[in-house]
Amino acid sequence: MAARTPGFQALQLTRARLARGLTRIALGEAVQRSAPTVSKWESGQQTPDPAALARLAEVLRVPWDYFLDTPFEPGSRPRFFRSMANATKRARERIEQHLTWLQRLGHDLQTWVDLPAPNLPELDIGDFRLLRGCDLEEAAFRVREHWGLGRAPIPDMLLVLENAGIVCGRCSFGAPSIDGVSHWSHADDRPYVLISSDKRTAVRSRFDAAHELGHLVLHRHVDPHALAHRDEFKELENQAHRFAGAFLMPADGFTGELPEVSLEAFRVLKPRWKTSIGAMIYRCKDLGLITEVHAGRMFKSSSARGWARGEPEDEVLPIEQPRLMERSIRLLLTQGGFSVDRLLAQLRLAHADIEALAGLPAGMLSNRGAHITLLPTPRLKTATLRDTPAEVIPF
């Protein structure tokens, strides 16, 4: 009888395969097994023998005990993919798995580290199909008011989200048509946002983050089936887009600093408001300062200047980076009694994936001799570790 793997979790294999963008046929060829055999592993009809398990771990770039770990369940609330209508099913599946890994990482870190509690206002939205432009402006105003942001430009969008208890991550999507994804996890009732790091500018990344915030605030209770309907999905995206513009450029604050509606005025304001010139054109149209025809002429003029390929300041403005996961891990490694090996054993994810999702320097967890610097961090829980109570250090 062929050797098998007790405790093998079929769903973990499926998730790892999807995360790497592989078909069953491609995975089977890589591990020298047939596609039907891979299907039987994923359905739970069979489990791989130890040699096949080792090969699966190598090909899918996960630790072998990843396949023995209980699958993390973030729940079935809707996941909002920016530009999902233009993306392939395989790309969405791959990014969804990386979001699940980020949620698993955030969920597990909360065992030892106190993260900021989620602090998003509960707005009385009702049926999203009935929302008007003024409702979206009001929603953006309410969120800014709830967080005490006033009407000024937001210096760091990701920092604002993380201070409100939203766990943020950045990683390579490998899908130009997808900019971000967000989800309210049922496991810890916490919102998560994953932003693409592929060839993005600072202003685009900020707008993507604000767009995902719009989904989290406006569409938290939307029926997931709405995403399958083209018209309803388009409406959800338009609403998140309008919210993002209103949140980043509040009407009175932005227009109060706008001397005139012109490309030159937008160019001057861009470093302060950290939004693209294109977004400012749309914002002025939303506020009724220019007509749609006028906006079209401004876009043509912008394109004639070469700004469609790259706007002024795009190479200067630094891209914002998440901090919460990075600082939590640094805290555990410097003050929480964790070694790198113990951390990896607890998280059961590949070090490269943890580094990417948490915003750690590449190689930090694979190079055991690297010096780890403590930065300003969340605080440790006073509760004990599950298996090493003597190693916990209260904050």
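These legends go with a set of close-up views of a predicted model.

**View 1. Strand S4, wrapped up on both faces.**
Here we look at S4, which covers residues 180-185. In a regular strand the side chains alternate between the two faces of the sheet. In S4, one set that points the same way is Gly180, Ser182 and Trp184, while Val181, His183 and Ser185 point the other way. Whichever way they point, all of these residues are buried. With 6 of 6 residues buried, S4 is largely enclosed by the rest of the structure.

**View 2. The strands that pair with S4.**
S4 has a short partner in S1, residues 80-81, and the two pair antiparallel over 2 bridges. Look for Phe81, which stands opposite Val181 of S4. S4 also runs antiparallel to S5, residues 190-196, and here 6 bridges do the joining. One pair to pick out is Trp184 with its bridge partner in S5, Pro191. S4 and S5 make a hairpin with 4 residues between the strands. In that hairpin Asp189 takes a positive phi, near 50°.

**View 3. Asp208, tucked away in H8.**
Asp208 sits in helix H8. Its relative accessible area is 0%, so Asp208 counts as buried. Leaving aside residues up to four places away in sequence, Asp208 touches Arg82, Asp179, Ile195 and Arg200.

**View 4. His219, in the loop after H8.**
The loop between H8 and helix H9 (230-248) holds His219. Being in a loop doesn't put this residue on show: His219 is buried, because its relative accessibility is 0% and the cut-off for buried is under 20%. Its contacts, not counting residues up to four places away in sequence, are Pro78, Phe80, Phe128, Gly214, Leu236, Gln239 and Ala240.

**View 5. The largest pocket and its lining.**
Rolling a probe the size of a water molecule over the atoms shows where empty space is left. The largest pocket holds about 580 Å³ of space. Its lining has 23 residues, and the closest to the pocket centre are Arg204, Ser276, Gly278, Ala279 and Glu311. Helices H8 (202-218), H12 (277-286) and H13 (292-304) are the elements that give two or more residues to this lining. H8 provides the largest share, 4 residues. By type, the lining divides into 9 charged, 7 polar and 7 nonpolar residues.

**View 6. Two nonpolar cores.**
In soluble globular proteins, nonpolar side chains tend to be buried together. The largest nonpolar core in this model has 57 residues, with Phe67, Met325 and Ile354 making the most contacts inside it. Helix H5 (residues 89-109) supplies the largest share of this core, 7 residues. Another core, of 56 residues, lies apart from the largest one, and among its members are Phe128, Ala140, Leu158 and Met298.

**View 7. Phe67 and its neighbours.**
Zooming in on Phe67, we find contacts with Gly7, Phe8, Gln9, Gln12, Leu13, Leu53, Leu56, Ala57, Leu60 and Val62. That list leaves out residues up to four places away in sequence.

**View 8. Helix H14, mostly out of sight.**
H14 spans residues 324-334, and 9 of its 11 residues are buried, so the helix is largely enclosed by the rest of the structure. The buried ones are Leu324, Met325, Glu326, Ser328, Ile329, Arg330, Leu331, Leu332 and Leu333. Met325 is also one of the residues with the most contacts inside the largest nonpolar core.

Notes. Residues are numbered from 1 along each chain as its sequence is written. This is a predicted model: local features need pLDDT of at least 70, side-chain atom pairs count only at pLDDT 80 or more; totals for chains, interfaces and linings use all residues. Side-chain values use heavy atoms; hydrogens and water are left out. Buried means under 20% relative accessible area, exposed over 50%, partly exposed in between (1.4 Å probe, protein chains only). Two strands pair if DSSP finds at least two bridges between them. On a 1 Å grid over the protein atoms alone, a cavity is a set of points where a 1.4 Å probe fits but cannot get out, and a pocket is an open set with protein on both sides within 12 Å along at least five of seven lines; lining residues have an atom within 4 Å of a point. Grid points are joined across faces, edges and corners, and a volume is the space filled by probe spheres set on the points. Ala, Val, Leu, Ile, Met, Phe, Trp, Tyr, Cys and Pro count as nonpolar, Asp, Glu, Lys and Arg as charged, and the others, Gly among them, as polar. A nonpolar core is a set of buried Ala, Val, Leu, Ile, Met, Phe, Trp, Tyr and Cys residues joined through side-chain atoms within 4.5 Å. Contact means heavy atoms within 4.5 Å.
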